[in-house]
Every structure is written in C-alpha cells, then in structure tokens.
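Trainee: I would like to take a close look at a single part of this model, and I would be glad if you could walk me through it slowly.

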Amino acid sequence: MIDEHFVVDAHVHTPRLPTLKPAWLDWARDFAGEYPWRTVYDADGAVIPAAMDDLMAQEGVDRVLLFCEYSPRATGIQAIEDNLPLVAYNPERFRLVANVNPHLHHPLVDEVERQLALGAVALKIHPVHGAFSPADKELYPVYALCAERGIPVILHSGLSVFPGSRASYGDPSLLSDVVEDFPSVNFVFAHGGRGWWYDVAAFMAQARPNVWLDLAGLPPKKLPEYYARFDLVRLARKWIFGTDWPGVPGTAVNVRAVADLGLPAEVLDGVLSGNALRLMPGLR
C-alpha cells in the first residue's frame, strides 16, 4: 500500500532484454531517468523475480499486471512465458496479461485461449506496434471469446515513439463500432488517447459504460491539462492507474501525484485499484 491506499499498477513491462529492439532500451532509459529499474535484471537481461518483487513491495504496489507483447516490427518480442517466473514467485502480487498480433498468430482465438490458460486476467492488443486495425473483423472472434470469459481488452491508444509504429491505428474512434458490438466487454484505452486523441478517448469513456482509460505514460500533474474540456472528477471515475513501468520515475511518485489532483476519496480509491479490481476479477 501507498499512504494507506491499495494500489494496482495495471500497466507494467518486464521483458527479457535480449528479445527487444534497441529503441525499447532507449525509451526505458530516457523515461525512467534515475529510477533503478535495471537493478531487477541479471547480467543476461532476465528479470530476477525476488528483486522485482522487493522493488514493488518497496514502492507499495499490491498488484501488478505484467504485459507481454508480440510486436517484432516496433519493439521486439516480449513473450508471455518470460513473465511466468514472476507469477510463480509471488502469485498474489503478479498477474499475467495476454497479447496477440494477427500478423503472427493464427488462429487468433487459439492463441488467446492458450495464454488465458496460463493465467492471464486480461488481453492486450497493440494495433500501433503491430500495424493493424483494432476493428479488423479477424479480431471479432477474439472479442467474442473475451465476452464469453469476462476478460477485459486493453488497447494501446494514441501515439508511440518507436520506429515501425503506425500511429493511425491508435485512434480510439476506430473502436466506436466494436464497443457497441461487444457491450459486455470492458475496453481499456491504454495511455488515454495520448497525443491528439485525448478528447476522443475521454468522450468515449464518458459515453460508453464499457470504455475505460488507463493512465500509463501520462504525467499525473498534466492530466487536468490533457482533459481540460472535461469535468475531471467525472472522468476520473473511468480511470485506471498504470505506470508503463519501467518508463516511469517511480510508481509511488505517480500515485502521490494522482492523489495531489484533489479527487474525492472514493474516486481516488477507484483510480488506484477499485476500477481495475472490478474489471478484472482475477486480480482479487
């Protein structure tokens, strides 16, 4: 806990470093600054479960959603299997998030089912790094499976700094039909429409009960600026806390910055953990 708040970091990357493109390491270095994320890695670039668990405990993080990613054109391969040792070491703190790329996985549903069987509590889709539309009909069976299983779908929304990315696929409005076609699936727009789509993401979150925004990669003190056209308290009821670890100055730093926004206590509790726990029963 941080300052008596139960905390879920719903957006964390812990890949094996040799599987990544150099741009990922540059991103982590530039955005983490002095944050000691490299201390959780061994000399071969693999996460040391005990070290990562200790760091999250020191930061006061109660639950961590571990992302994998299959994006060879942008960041590289972050295989879900590489996260299994963390879950084995502390299954209370760490949870898996699945990921598929229609250019790599076929049939998509089979791969999603395989990763869910490993214990994934959510599915991440990265259309920007994978260069595909999140509204492609090939993904509809995946969304149907998530509806059947009660699995939320997290989608990258907004821009990306990585070479090989296709920003046009980060437009949240591409999901306008999908969120209507699958009303029982909770869709989480990661990064909240970062770039020039903040308004689109926020409007959809307020208009649709099954649309949420995660705060990963967004400096909390700038949230009132990014969403200046919206009632911040009302919009915050649809926020989910996440850091985009390791590209962050520190989880506790960001938690306290969110708390400094002056949100009502029940809204803040929802942002820091309650909304994630409600969307992802597996986190409990």
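Over residues 8-279, what percentage of the chain is helix and what percentage is strand, and how many Å apart are the end C-alpha atoms? After that, please take me to strand 5 and tell me what surrounds it.

Mentor: Please keep in mind that this is a predicted model. Over residues 8-279 the chain is 37% helix and 18% strand, and the end C-alpha atoms are 12 Å apart; the UniProt record, an unreviewed entry, places the feature "domain: Amidohydrolase-related" at those residues. Turning to strand 5, which covers residues 94-100, we find that seven of its seven residues are buried, so the strand is largely enclosed by the rest of the structure. To read it face by face, recall that in a regular strand the side chains alternate between the two faces of the sheet. In strand 5, F94, L96, A98 and V100 lie on one side, while R95, V97 and N99 lie on the other, and because buried means under 20% relative accessible area, we can say that both faces are covered, with each of these residues buried.

Now consider the neighbouring strands. Strand 2 (residues 63-67) runs parallel to strand 5 and is joined to it by four bridges, and here L66 has L96 as its bridge partner. Strand 6 (residues 122-125) is also parallel to strand 5, again with four bridges, and A98 has L123 as its bridge partner in strand 6. Between strand 5 and strand 6 the chain passes through helix 4 (residues 108-117), making a β-α-β crossover that is right-handed.

Terms used:
Residues are numbered from 1 along each chain as its sequence is written. This is a predicted model: local features need pLDDT of at least 70, side-chain atom pairs count only at pLDDT 80 or more; totals for chains, interfaces and linings use all residues. Side-chain values use heavy atoms; hydrogens and water are left out. UniProt positions are given in the numbering used here, feature names are shortened, and annotations may be inferred rather than shown by experiment. Helices (H or I, at least four residues) and strands (E, at least two) are DSSP runs, numbered from the N terminus. Buried means under 20% relative accessible area, exposed over 50%, partly exposed in between (1.4 Å probe, protein chains only). Two strands pair if DSSP finds at least two bridges between them. A crossover is right-handed if, with the strands pointing away from the viewer, the path from the first strand over the helix to the second runs clockwise.
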